[in-house]
Amino acid sequence: MTSAVETFGLTKRYGSVTAVSDLNLRIEPGQVFGLLGPNGAGKSTTIRMLLALQRPTEGRVSVLGLDAHADTVAVHRRIGYLPGDLELFPRLTGREHISWFARSRGLDDHSLAGHLVDRFQVVTDRPVRELSKGNRQKIGLVLAFMHRPELLVLDEPTSGLDPLMQREFENLLQETAGEGRTVFLSSHELDEVQRSAHRVGIIREGRLVAEDTVAGLRRAAPRKMEILFRRPVDQAELCSLRGVTVTAADGPRVTLDVTGEIGPVLRVIASHDPVDLTSRPADLDELFLGFYRQPPAKKVPNAG
Amino acid sequence: MRANITRLDLRLRRRSTAGYAIGMALYSLIIVALYPSFKNSASLDSLSGSTAAALFGVTGKLTSPGGWLNGNIYGNFFPLIMLLLTIGYGAAALAGQDEDGTLALIAALPVRRRAMVFQKAWAMAAQALFLAAAVTVCVVIGRGFQLAVGVGDAVAISVALMLMGLDFGLITMAIGAVTGRRGTALGVASGLAAASYLLSSLASTISAIRPGRYLSLFYWSVGNDQIIQGVSLGDFTVLIVVGLCALAASVAAFRKADLN
């Protein structure tokens with residue numbers, strides 16, 4: 001099956017600054033893919049290269065089976081785009097925006113646009129300069145979705161939306177994916193991506209440091225385990241186990257970070273006469289913060 | 001072509017376009033209406049021929065119909081307003097809208113970069129045409145105020161000045177497409193236009209810079225006594241060729257440009 005988006009060694013350099021480095025992504029149709037990373041990680045640059053707004057220094061992008069830079073017009077016909085830091089024309093109203101963009105796409109049927117305007121309670125009769133950030137963002141969403149594109153590329157789509165509208169937007173994403181259409185969105189917020197994305201890529205300093213399903217990432221996230229033994233134990237044996245890090249040891253009380261399977265760890269613990277054990281679930285937040293902070297050397301194995 | 005960028009940009013600039021045209025029309029009407037009061041003023045003619053007069057675009061006898069129009073409209077104010085319009089739009093059209101962040105929405109539509117530039121060039125031409133038409137109509141009205149000027153001559157010189165405006169506007173657009181910066185485009189193009197004006201107007205009195213006048217687009221539109229002699233085919237050719245080159249440069253640069 002043709003992937004919805006595929007990048008091959010995508011790299012963008014501005015002079016000596018590398019914004020995106022050797023990015024290889026593959027997004028299947030019908031997926032919601034979330035590109036997650038701190039500000040300045042290269043998310044927007046990646047998105048601009050998908051849309052051929054910027055040229056890659058190296059590598060190439062395939063969108064809906066076409067070359068993003070050679071077949072720009074054909075690709076753009078099938079994409080809906082919401083830029084990050086959306087800017088509209090201040091003097092035009094929402095309605096004027098919608099009708100101009102609809103006409104530019106040769107869209108005669110405005111029923112979906114009308115439906116989205118109602119659904120997101122978009123203010124369409126006032127010049128954009130009089131609207132709040134959230135209301136402008138909603139106009140941007142209508143412009144991106146109104147022609148029912150096969151691929152949606154949304155750069156920080158929920159910025160400025162109130163929680164109610166964020167919920168509505170998440171529903172819209174699920175419906176879109178349910179219809180077999182694909183969504184590529186970027187965010188710096190874990191919560192947002194966790195709720196709506198099937199797969200997540202984490203980008204840091206222009207490099208993809210992890211790519212997996214949310215469940216897969218959760219499996220890779222460390223569990224914190226605290227054990228009280230009857231007497232002090234030799235940590236060496238615990239340390240030698242795969243995926244185990246001793247984070248604290250105070251006499252008979254030992255704290256571990258455990259990734260991966262828990263069986264081998266439990267067997268070793270059991271052999272040392274434990275008194276008590278508490279285990280906290282995988283903390284995804286901690287995992288992401290780890291990715292944000294660490295140099296991008298550590299790569300989570302792709303869980304498929 | 002579905003993405004009607006020309007229409008959008010004209011809509012966005014309709015106030016400024018109307019403002020320039022109305023202002024210039026009113027000014028032109030006042031100038032032509034004042035002509036009967038000045039046509040016999042001998043002291044005015046003594047101004048001509050000085051370097052100071054040349055600095056203000058005044059050539060020939062100020063009291064003659066052609067000299068009056070040249071010294072008050074065609075030699076200075078009309079090109080100035082025309083250049084404000086075309087250079088302003090040329091800087092905003094690509095680099096300015098990109099800096100504002102609005103260009104990305106349009107560039108993500110199913111429209112070629114080349115078509116975007118062409119449509120913006122049409123928008124520039126439409127604005128310039130509107131201004132030129134307003135001035136021409138007012139100058140022709142001047143025939144009722146003893147300004148003996150041929151309709152054809154008035155149209156020709158307005159068209160020549162419009163083409164010169166478009167040349168500088170398209171040069172501005174090209175600089176904007178190369179640099180992505182509105183300020184740079186505005187600054188460099190305004191500098192070029194000012195140098196071009198000085199080169200042409202001072203060439204009539206300062207012999208040292210006389211050979212350089214061929215480099216000035218003012219010389220090819222209004223600086224070579226076109227108001228008296230008429231605009232030649234050669235003048236039009238130079239103005240059109242320069243415009244087409246600037247347009248081609250804009251397209252070439254914009255096709256490679258990284259947008260925000």
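What share of the contacts in chain B with a separation of 6 or more is accounted for by residues 24 or more positions apart? The share is 73%. The legends below describe a predicted model.

**Figure 1. Overall build of chain B.** Chain B contains 13 helices and zero strands, so its pattern along the sequence is a succession of α elements, α-α-α-α-α-α-α-α-α-α-α-α-α. The C-alpha trace spans about 60 × 40 × 30 Å along its principal axes. A compact globule of 260 residues would have a radius of gyration near 18 Å, and the 19 Å of chain B agrees with this expectation. Of these 260 residues, 51% count as buried.

**Figure 2. Helix α2 of chain B and its surroundings.** Helix α2 of chain B comprises 25 residues, from 14 to 38. Because each residue should contribute 1.5 Å, the expected span is 36 Å, and the end C-alpha atoms are indeed 36 Å apart. Within α2(B), the residues Tyr20(B), Met24(B), Ser28(B), Ile31(B) and Val32(B) are buried. Among the elements that cover these buried residues are α5 (65-74), α6 (77-100) and α8 (113-141) of chain B.

**Figure 3. The open sheet of chain A.** Four strands of chain A form an open sheet with antiparallel pairing, in the order β12-β13-β11-β14. Strands β12 (244-250) and β14 (274-280) of chain A stand at the edges; each has a single partner strand, and therefore one side of each is left without a neighbour in the sheet. From one strand to the next, the twist averages 20°. In general, the strands of a sheet pair through backbone hydrogen bonds, in either a parallel or an antiparallel manner.

**Figure 4. Strands β11 and β14 of chain A, with helix α10.** Strand β11 of chain A, residues 223-229, pairs with β14(A) in the antiparallel sense over six bridges. Glu226(A) stands opposite Thr278(A), a residue of β14(A). Helix α10 of chain A, residues 263-270, packs on the sheet and touches β11, β12, β13 (253-258) and β14 of chain A. The direction of α10(A) makes about 155° with that of β14(A).

**Figure 5. The contact between chain B and chain A.** Here 18 residues of chain B are in contact with 19 residues of chain A. On the side of chain B that touches chain A, α1 (5-12) and α7 (103-107) of chain B each supply at least two residues. Helix α7(B) gives the most to this side, with three residues. By character, the residues of this side of chain B divide into eleven nonpolar, three polar and four charged.

How values were computed:
Residues are numbered from 1 along each chain as its sequence is written. Chains are lettered from A and ligands numbered from 1 in the order in which they are written. This is a predicted model: local features need pLDDT of at least 70, side-chain atom pairs count only at pLDDT 80 or more; totals for chains, interfaces and linings use all residues. The radius of gyration is taken over C-alpha atoms; the globule rule is 2.2 Å times the number of residues to the power 0.38. A residue is buried if 20 or more other C-beta atoms lie within 10 Å of its own, exposed if 12 or fewer, and partly exposed in between; C-beta atoms are placed from the backbone. Two residues are in contact if their C-beta atoms, placed from the backbone, lie within 7 Å. The expected span of a helix is 1.5 Å times one less than its number of residues. Two strands pair if DSSP finds at least two bridges between them. Axes are lines fitted to C-alpha atoms, for helices over the stretch in contact, and angles run from 0 to 180 degrees between N-to-C directions. Ala, Val, Leu, Ile, Met, Phe, Trp, Tyr, Cys and Pro count as nonpolar, Asp, Glu, Lys and Arg as charged, and the others, Gly among them, as polar.
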